[in-house]
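Visitor: I have a structure to look through at the bench. Can you walk me through it in short steps?

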Amino acid sequence: MNRLEGLRETLARFFSGSLGRRLGLNLFAYSLVGLAAILLLLGSVIDHRFSQLEQKEIDGHVERTKSMLDGFEQTALTRALDWAVWDESYDYLASPSADYESGNLNLSSMQNIEISGMSLVRFDGSFRKTVYFDLGSGRSDAAAAAAFERTIMAPAFAKAMRDAATKTGFVQVEDRTLVIAAAQIFRSDESGPPLGYLVMGKELKDGDIAEALQLPARIRVNAPHHAPVVTQTAERVMIVEPIENIGGAASAAVHFSVPRSLHQEGLNLLWITMGGVGLLLTIMIILLNWRLRAVLIRPVAAFQAHVSRISQSGDLAHYEEDRRDELGALYREFNLMTDELESLRSRVEAQSFAIGKSDSATDIMHNVRNAISPVQAILGKLDQRLQFPAESNVRRALDELEQDQMPLDRRAKLLAFVKAAFVKLQTDLAQHRCDVHEALRSVGHVDEAITSAQSFGSASGDAPAECDLTSVIGASCAIARHSSVADVTVEFATDQRFRVALPRVLLAQIIDNLLTNAVEAIAATAGSHGEILIKAARVQVSDRLVRVVIKDNGDGFALDSAASLFERGHSGRGKKQGGIGLHWCANTLNACGGSIRLSSDGSGEGSTAEILLPLATSELAVADQPSAEDQSSVANAA
C-alpha cells in the first residue's frame, strides 16, 4: 500500500506540473488515441481487402486443381477414343488374335501413351482382356490387372457403358488412384454395332500432380470430405481437394500448400502504413509542441517571472509587451491591477501610519498599566496596614502608668505590653518602607516604559535593539507578585545574566503578557495560593539562543485547543478586552528570530510557556555585572 500511495503521489506531482508539460502530455495522449484509431481503421480495411484477395487466390488454386483433374480425364479419354474407334480393336474384339495382343497390348505401347492399365471387354461378357504394367519398373502386375478388371467389370459400370459412348472418372485400385477413360469400340467408319468397350487407366502419382500444379503436392487415399478443405496458418495455406470415384464417393484427395504471400504483403503494408502515420504524427506533435511553447508557454513563463520579481522586490511594475491576443488582454488587465494596487498601497500606508500611532499609544498604556498595577496593590496594602490596631490599649496602658499607686507587678506587665506594641509598630514601619520602595521602583518602571516606548517609536532609529533579560523579568515578576486577583509566589532562577537581541519595550510586553496569563490561570483554579517558576538558560553556544521557561500551577488548557491559542483574535476566559495577546507575542518573536511554544497536560494541570530569544551580538558570553537595583529585583523575584 505504501508503494502504491507513493506511486500515486509521484504521478500526481508529475501530471500536475507545469503548463507546458501538461499540454505536451495531453497532446501526446490525444495523438496516441488518434494514431490508434487511424491504425485500427487502416488495419481493418487492409486486412479485409487482402483477406478477399487471399480468398480469391485460394479459390483459384482450388479451381486449378479441379481443372487439373479434368485435364487428366480428358487426356485419358482422347487416348481411349484413339484406340476404341479403330478397326483393329473392333476386329480383335470380334475375333481375338495373338498378333493384336503382341503388337499393341505390350509395355512399349503402354509407355508411349502413358497408360498403366487397359482392358477390352465384350458387352455379353464372353470375352475380356486386361493388361497392367508398372511403368516405372517395366514389369507386368497381374494383381493390379485383376483388381482393375474387377472394377471395370462391375455391373453398374458395364450397364453405364452400354448406355453411353464414353465415360471418365477416377477409381481406386488397391492403394493406387487411377484416372480412367472408357469408350465403346467402333469401326473407323462407324459401321456395325459396338461389340464392347475399351477402358484405359492412368495411375496418378505425386510427381504428376506436382508437375501439373507446379507446386509440391501429393495424393492420399480415403479422403474424409466431399468438399475442398482449406486450413490457414500464419505463413501457409493448406488445401485438400477431394477426388471422387466413378460412383460419386470421395476415394482420394490431392494435398498441397501455398505460401500466404498476399497476407504477408498485407502485413508489410500495414507496418509501413503504421510507421508512416506514426512518423507523421510524431513530426506533427513536435511541431505543435514547438509552436505551443513559442506562442503560449514561453510568454506565460516570462509573465510568471515578472510576477515573481514583483513578489520578491515588492515594486509594482507594468509588464511591457504589446500583444493583440488573449495574453495581451491579460497583460493589460494586470497593468491596470498594478495601478490599482499602487493606489491602494499608498492609502494603506497612510492608514498604517495612523494605526501605528494608535497602536504605539496602546502599547505604551499597556506597559504603563502593568507597571502601575503593583503600585495600586502596594498602596491598597498600606491603606490597610497604616492603622495601629492596639492604639486604644496602648493609651489605656499609658494612662495607668501615670498613676503613682500602680502596683509594681501591674506596672511591669503594662511596660512589657507597651514595649511589644512598639516593636510591632517598628516591624510594620519597616515593612511599610519596603512596600514604599517597591512602589517607587514600580513608578520608575512606569517612567522606564514610557521612555523606552518613546525611544523605540522615535524616527531617528537610535532605539536600542537589545536589553538585559534579567532586569526585564525582575520587573515583570513584581507585577505578578502584587497581583490583586490571586496570591502568587514567583521564583526566578538563572545561572547568569543574558542580553538578548530584542528591544526592551517589546520583551517587556511579551513577558508581562505571559505572566498576566499565568496569574489569571491561577486565579481561575480558586486555590488559596499559586506558584510561578521562571528559568533562563542558554540552549547551545553555537545556536546563540537563550531559553526562558515560565511554568504555573493554574487551570491549564485542553490538549485539542493548543493549536488555536495563537490565532488572531483569540481571547481566553471570555475577556472582551485584554492585553496584546499571544498572536502578537508569537509574531513579534518570529520577527526577531525567536519563537514561543505552549504546552499543558490538560485542564487543571497547569501550563508551561517556552520562549527562545536570540542573544545579543555584543553580549554572547556573560553580560555585565548586575547593578544593585537589578540584584534587588532578582532577589525580590526569588
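Visitor: Is tyrosine 100 buried or exposed?

Guide: A word on the source: this is a predicted model, where local features need pLDDT of at least 70, side-chain atom pairs count only at pLDDT 80 or more, and totals for chains, interfaces and linings use all residues. Residues are numbered from 1 along each chain as its sequence is written, and side-chain values use heavy atoms, with hydrogens and water left out. Buried means under 20% relative accessible area, exposed over 50%, and partly exposed in between (1.4 Å probe, protein chains only). Tyrosine 100 has 5% relative accessibility, so the verdict is buried.

Visitor: Which class does the pair of tryptophan 86 and tyrosine 100 fall in?

Guide: Rings of Phe, Tyr and Trp (its six-membered ring) pair if their centres lie within 6.5 Å; planes under 30 degrees apart count as stacked, over 60 as edge-to-face and the rest as tilted. Here the centres are 6.0 Å apart and the planes stand at 50°, so the pair of tryptophan 86 and tyrosine 100 is tilted.

Visitor: How many residues apart in sequence are the parts that this pair ties together?

Guide: Helices (H or I, at least four residues) and strands (E, at least two) are DSSP runs, numbered from the N terminus. Tryptophan 86 lies in the loop between helix H2 (19-84) and H3, and tyrosine 100 in helix H4 (residues 98-104). The pair therefore ties together parts whose separation in sequence is 14 residues.

Visitor: What angle do the planes of tryptophan 83 and tryptophan 86 make?

Guide: Tryptophan 83 is buried at 11% relative accessibility, whereas tryptophan 86 is partly exposed at 27%. Their pair is edge-to-face, with 5.8 Å centre to centre. The angle between the planes is 75°.

Visitor: Which residues do ring pairs link into a cluster?

Guide: The whole structure holds eleven aromatic pairs. Ring pairs join up one cluster from Trp83, Trp86, Tyr92, Tyr100 and Phe127.

Visitor: What is the strand order in the open sheet of six strands?

Guide: Two strands pair if DSSP finds at least two bridges between them. Strand E1 (residues 117-122) and strand E2 (residues 128-134), for example, pair in the antiparallel sense over five bridges. The edge strands, each pairing on one side only, are E3 (139-140) and E4 (166-173). The sheet has antiparallel pairing and the order E3-E2-E1-E6-E5-E4.

Visitor: Which element supplies the largest share of the largest nonpolar core?

Guide: A nonpolar core is a set of buried Ala, Val, Leu, Ile, Met, Phe, Trp, Tyr and Cys residues joined through side-chain atoms within 4.5 Å. The largest one has 40 residues; Leu469, Leu507, Ile532, Ile534, Val548 and Leu613 touch the most other members. Several elements each supply at least two residues, including helix H13 (469-481) and helix H14 (504-523). The largest share, nine residues, comes from H14.

Visitor: How many residues are in the second, separate core?

Guide: Tyr90, Met110, Leu120 and Val131 are among its members. The count for this second core is 23 residues.

Visitor: Which residues is threonine 273 in contact with, leaving aside its neighbours within four places in sequence?

Guide: Threonine 273 is found in helix H9 (residues 261-313). At 19% relative accessibility, threonine 273 counts as buried. Contact means heavy atoms within 4.5 Å. Beyond those neighbours, the partners of threonine 273 are Leu42 and Ile46.

Visitor: How far apart in space are glutamate 265 and phenylalanine 50, C-alpha to C-alpha?

Guide: Glutamate 265 also has its place in helix H9 and is partly exposed at 47% relative accessibility. In sequence, glutamate 265 and phenylalanine 50 are 215 residues apart. In space, the C-alpha to C-alpha distance is 8.4 Å.
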